[in-house]
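Student: I would like to look closely at one part of this model, namely how its helices pack against each other, and then at any empty space left inside. Could you take me through that slowly?

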Amino acid sequence: MPLTCDLCRSTALERVYAPQTAPRKHVMLCAQCGLLQSAPRECAPGSAQRSHLRHAKGFRAEANLATLRPFLKKDKPLRVLDVGAHRGAFALELKAACPKATIVGIEPDERLVAPWARKPGFTWLNARFEDTRLEDEGFDVIYSCHTLERLKSAREALLAHRAALAPGGYILIEVPNVSQIASTDIVDEFFAGKHLYHFSRRTLIRLLGVCGLRAITIADTRDTANLTVVAVKGDEPRLAVPADPQEVEAAAALISTYQAARLKNVTALAGVARTIDAMAPRRVAVWGAGRLLGNLIENGGLKAQSLAAIVDRNLI
């Protein structure tokens, strides 16, 4: 059976990029609607290079709660669903802001849930979202941060979200913003790891609409790293999705720009690594064990064993 686009159901998918760090994955561009998506769609083990994204879920909790706050009534006993609850950063902040809320967190990794799973007012579902059955119209607020792009079908997931959303309820969806790959200093392999869908603002808003969800707030349109949308139930879900030649052209140009910029920057890393290595026998310490250091080692050839120290507050 041919692979179909998760947004428009077209089979006109064109292979446009193959990540070097994820040899089983190919980035496909839908020639009908312009959605970028990876294949195959099995959820394979993630790349260590992209593990920071799950770590970053905690960093987004405060900003996303601020986006949702105008729609919350803190004295109301809200029923909240946190999809991909992780270490509970958002759930705990929301509970503090809305003490009467009851929160259901879906998180398949039992190593992460200790901060919240057994606290009063919280229920932990130890499962992947695709394996979870939710009560129809059972939630006043649904929160999904950096999770939708990992699911086997983003479309089917949003339809399930809509079914679980109570009348008058709100859903906040946040996904990585594919426009970040237009950066001239891009080094990371954006398409490595578990992400199956790579949304632009337009493709995300269109997918929400197809699934019967109407966007009412788009948070911080200047944010090139995240797409954050608050939506409510809109018209009934629909099957037909018109073609979008402009989005197709924009996505193709974005991929082309990304490949050229990343190749240039990865090549430059080798020169930086040689400069650091040449500082021996002086003892060299690196401040910050983040993505740049990872790329210096992985792509630049920096000899990590020659460093005297690496300093970072985040053990990950």
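Tutor: What follows goes through two helix pairs and then a cavity. Please keep in mind throughout that this is a predicted model. Two packed helices are described by the angle between their axes and by the distance between those axes, and that is a convenient way to begin.

Take helix 2, which covers residues 61-68, and helix 3, which covers residues 89-97: they pack at an angle of about 45°, and their axes lie 9 Å apart. Angles under 35 degrees count as roughly parallel and those from 65 to 115 as roughly perpendicular, so helix 2 is oblique to helix 3. The crossing of these two helices is right-handed. On the side of helix 2, the contact is made by Ala 61, Glu 62, Asn 64, Leu 65 and Leu 68, while helix 3 brings Ala 89, Phe 90, Glu 93, Leu 94 and Ala 97. Sorted by class, the residues in this contact are seven nonpolar, one polar and two charged.

Now turn to helix 4, residues 154-164, and helix 5, residues 201-210, which pack at an angle of about 50° with their axes 9 Å apart. Helix 4 and helix 5 are therefore oblique to each other, and helix 4 passes helix 5 in a right-handed crossing. Where they touch, Ala 154, Arg 155 and Leu 158 of helix 4 meet Leu 207, Leu 208 and Val 210 of helix 5. In this contact there are five nonpolar residues and one charged residue, with no polar residue.

For the empty space, the idea is that rolling a probe the size of a water molecule over the atoms shows where space is left. In this model the count comes to one cavity of 30 Å³ or more, and the largest cavity has a volume of about 30 Å³. Its lining is made up of Arg 201, Ile 218, Ala 219, Asp 220, Thr 221, Asp 223, Asn 226, Leu 227 and Thr 228. Strand 10 (213-219) and strand 11 (226-233) each supply at least two residues of that lining, and the largest share, three residues, comes from strand 11. Divided by class, the lining of the largest cavity has three nonpolar, three polar and three charged residues. If you now go back to the structure, you can find Arg 201 in the cavity lining and recall that helix 5 covers residues 201-210.

How values were computed
Residues are numbered from 1 along each chain as its sequence is written. This is a predicted model: local features need pLDDT of at least 70, side-chain atom pairs count only at pLDDT 80 or more; totals for chains, interfaces and linings use all residues. Side-chain values use heavy atoms; hydrogens and water are left out. Axes are lines fitted to C-alpha atoms, for helices over the stretch in contact, and angles run from 0 to 180 degrees between N-to-C directions. Helices (H or I, at least four residues) and strands (E, at least two) are DSSP runs, numbered from the N terminus. Angles under 35 degrees count as roughly parallel, over 145 as roughly antiparallel, 65 to 115 as roughly perpendicular and the rest as oblique. A crossing is left-handed if the near helix is turned anticlockwise from the far one by less than a right angle, and right-handed if clockwise. Contact means heavy atoms within 4.5 Å. Ala, Val, Leu, Ile, Met, Phe, Trp, Tyr, Cys and Pro count as nonpolar, Asp, Glu, Lys and Arg as charged, and the others, Gly among them, as polar. On a 1 Å grid over the protein atoms alone, a cavity is a set of points where a 1.4 Å probe fits but cannot get out, and a pocket is an open set with protein on both sides within 12 Å along at least five of seven lines; lining residues have an atom within 4 Å of a point. Grid points are joined across faces, edges and corners, and a volume is the space filled by probe spheres set on the points.
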